[in-house]
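Biologist: I am new to this structure and would like a close look at a single part of it. Could you take me slowly through one pairing of charged side chains and what surrounds it?

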Amino acid sequence: MSEKTTSAFSSEQETVISFLHTLIHQRNIKTEIELRAALDEVKSFGPNLTEDDLEAIFDHMVVIIGVLMDTGIVIQDKDHEPWLSAASANIQWLRWNAYKQYLTQSGRSPAVISSLSESLDSILDHLGNPFQAHSWQSRGLVIGSVQSGKTGTYIGLINKAIDAGYRYVVLLTGHTESLRQQTQERIDEGTIGRDSRFMGNGKLSNKTIGVGKYLAPQHGSNIFGMTTAVSDFKVANVAAVNFAPGADVTVIFATKKNKSTLKNVTDWLTTLAHDHGQIPGPMLLIDDESDYYSVNTRSADKDPAAINKGIRTLLKLFKRNSYVGFTATPFANIFIDHKIDDDLFPKDFIYALESPSNYVGPDQIFSTSIEPGSPEERTVLTLDDAEEIFPLKHKKELEVAELPESLLEAIRVFMLTNTIRDLRKQENFDRSMLVNVSRFVKVQNEVFELVKEVVASYKHAIDLHSMAFKKGNANSTMSLFKETFEKHFEFTEFAWPVVLEGLNKSVSPIKVTVSNSKTDKALIDDGLHNSMPNRVIAVGGDLLSRGLTLEGLSTSYFYRNAGAYDTLMQMGRWFGYREGYRDLTRIWISDDMATAFAHVADTLQDLRLEIAKMRQNHMTPAEFGLAIMNHPDSLLITARNKMLTAKFGQKKTISLRGRSLESPKLSKDEEVTLKNFEATEQIVEELTSKYGIAKPFEASSAQGWSDIDKSYVADFIKVFTAHTSDPHFEGEALSKYIRYTAAVDLQTWDVAFIGGNTKQSRDLKGLKLHLPERALKSGTDNSWLVSAKSRRLAGVGDVGITLKKELRDKLKKQYIEDFEGKRNVPDKIYVDELPRPSLLIYVLSPKQPNVNAKEVFPEIPVVGAKISIPPGPAGASNNDVDNDGVTYVLTKSAVENWTQNFSDDLTGEFEEGEVDEA
């Protein structure tokens, strides 16, 4: 938490909260009863506090002690030698303890701090041992979640590393100055303890901040920042702090991923080299967003790309060095060739962090288990009027003369959100809105000017007419605000007249800014410090996507194309922590982008499960042989020039083993709908004739048949059509895969008809079924979008329906124990235990996607399908069946592994990854 974010509490309340924090950590308080007793002990420090004031403190602290975080998962090299446990007795954790106090006073949960400390110890233990004088190098990767607090984690690692004896720290912050400055502020607060904006005149800054308040003077002055909150590295900065290297002195750089800056840092450090042209070290290099710019994009027979080469050169300068990449989207990193010794492949360890229980991520916003009336149910809104004004495929010459109504509505929502947060006594907390509709500076600037005009117009109308409107005088603008409130916020604890009265004061401080390459360059050229207003509408593009953290982001307007998993997920700045305003968060996004986010959420979840499985099997990072499914609409995993060691299937690659396939899109075509329903009735009729009446599956509303011949499933899939844009259920290819596979364990299937809790029922050729209800929304391509915002057909746990209840319960219990704080068991957990592949059929009872929708549903039920294929025994054959629509991309180690051990599963021709020198 940044120090600039002031508290919503009074100074007396803050005093009581501070003492309460101390007691919570000292006594490891976990229950409300213990918290109430502790509050009674310290309430005397606020003699003027009322019972309501104390109750507000109690409610605030209940949330904090209720936040949990599990330790992460690590896979490591077989030669790893632990060192930290033996060395701990000789380490004084001065800087870490100060950081821990800083986190405590910032409101971090005791359980989260404890888990963070364990995770950091594990990561530190996998870095090079600073107590060993001989040469060593360490390469690792830490995977977090988007907007989950990676910065706070690597600051904690830096503090522990400094305490352990690391004396050189280089933090690569990204490629923009605005992001570098933002990160520098966090380093100033969390590690250095001094405000670097006040450094100069040959003196260190004497303004103590953050951890500096918890360090003795002699411990706070032995760390030197070579960069400041207004300037990246310059040799003049060295003179400003009168730096002299020594055994107990630490230097730290927070610098951009810029080849010139990297060279300047390396050149200056070279002047300190005296041991055969090297610095004894030890040195720690933290690479934030390590999938971006750091990965080599050139083939092995050419010089590495500039940033990659600069990082390698800097590391080689130190006799003892550790490199740790941090990212939420590790797709590019796992494609680094693990056989190139001096490249950045994380050969020593890969650590997957867990997120605290109050983190709101893609698996929640785009989840199948969103409950009606929950905050997440209201979060995502479909954009259907943006294409005409700023088309997804536009050029920099695009003229933007007006804004779509949806953006005007989003601005009104943000203004109302400010008012509601003020009424909730959150007046001093930052809040922001994101507008991202173009990657071109010219277009961004035009949108910025138009948004400024709209905001000024709204402010003017509110100032002049809000009170008169309250008295009954008509005004068109104020009527729009009332309609917006009733549509979005009528559920809140405040009535419209109360919100209207506070509107003018709340919207007055709102500023509109634009952030792009032009404004970022001005920071460097003019030596300016970037500072976001505390109530801001931020217009921008890629700089906002891969850069600035927008504090208190509550309203997002996003209409962009993304060509890769990693780019897409990084654009989702709305993930993170939303304490006190989670129910007010709104995201305007296109249907296709919502579907893509849901898909990537599944991919990232599968990735973490694969890492967990690798740990159980004692696999190393070099064996990180993952096959990651391409997005069905050609969304690449990462840029192709970052996948030089990958193999691309021209048409097809590996089997569907261990996978579930479903479509978030179903055809609206009447003939297709009829054909799908007839195929459904036909499979019921045939299976009833062959195997008897359908039987219920244990502890579920599903009915069906077990251990049936695969030909019935192949016949159904051949006829069934999901939607023309979805290759998963491209009937001919998938049907061939099912019909002709020679694998022994794929000869029989389970078929289940999923039931529901609706009153609507259907007699399907003798099978009486209560239909499952799903929201259906019209897509722009003659499709039904299933489950509206979550874009999912199957419900949570549906894939496990064909398993015995005892096994389902065991798997669920084990998952919840392994991933504390998680409630929904991923499909993959169940798929891996299936005795046979399964076909799940959904005869849907449609419902409107929201209260304002007026969809016209067909009389014939819309049918959806999902297939799941278990992993099977190693080497199970797939009979080299065509499977055009489903493509996988393999890492080099995965190709080697599949070729050696699973050659029967590899199909199609391969070509080397293409190189894009641009």
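**A salt bridge and its helices**

Modeller: In this predicted model, Glu-409 and Lys-487 form a salt bridge in which the closest N and O atoms are 2.9 Å apart. Glu-409 belongs to helix α14 (residues 405–423) and Lys-487 to helix α16, so the pair ties together parts of the chain that lie 78 residues apart in sequence. The two partners can also be described by their accessibility: Glu-409 has a relative accessible area of 11% and is therefore buried, the cut-off being under 20%, whereas Lys-487, with a relative accessible area of 46%, is partly exposed. This salt bridge is one of 30 that the structure holds.

Helix α16, which carries Lys-487, also meets another helix. The axes of α16 (residues 476–488) and α17 (residues 496–507) come within 11 Å and cross at roughly 130°, which makes α16 oblique to α17. The crossing in which α16 passes α17 is right-handed. On the α16 side the contact is made by Met-478, Phe-481, Lys-482 and Phe-485, which meet Trp-496, Val-499, Leu-500 and Leu-503 of α17. Sorted by character, the residues of this contact comprise seven nonpolar, no polar and one charged. Taken together, then, α16 holds Lys-487, the salt-bridge partner of Glu-409 in α14, and it also holds Met-478, Phe-481, Lys-482 and Phe-485, which are in contact with α17.

Methods
Residues numbered from 1 in each chain as written. Predicted model: local features only at pLDDT ≥ 70, side-chain atom pairs only at ≥ 80, totals over all residues. Heavy atoms only, no water. Axes fitted to C-alpha atoms, helices over the stretch in contact; angles between N-to-C directions. Helix = DSSP H or I, 4+ residues; strand = E, 2+ residues; numbered from the N terminus. Parallel < 35°, antiparallel > 145°, perpendicular 65-115°, else oblique. Left-handed = near helix turned anticlockwise from the far one by under 90°. Contact = heavy atoms within 4.5 Å. Nonpolar A, V, L, I, M, F, W, Y, C, P; charged D, E, K, R; others polar. Salt bridge = Lys/Arg side-chain N within 4 Å of Asp/Glu carboxyl O. Buried < 20%, exposed > 50% of the residue type's maximum accessible area, 1.4 Å probe, protein only.
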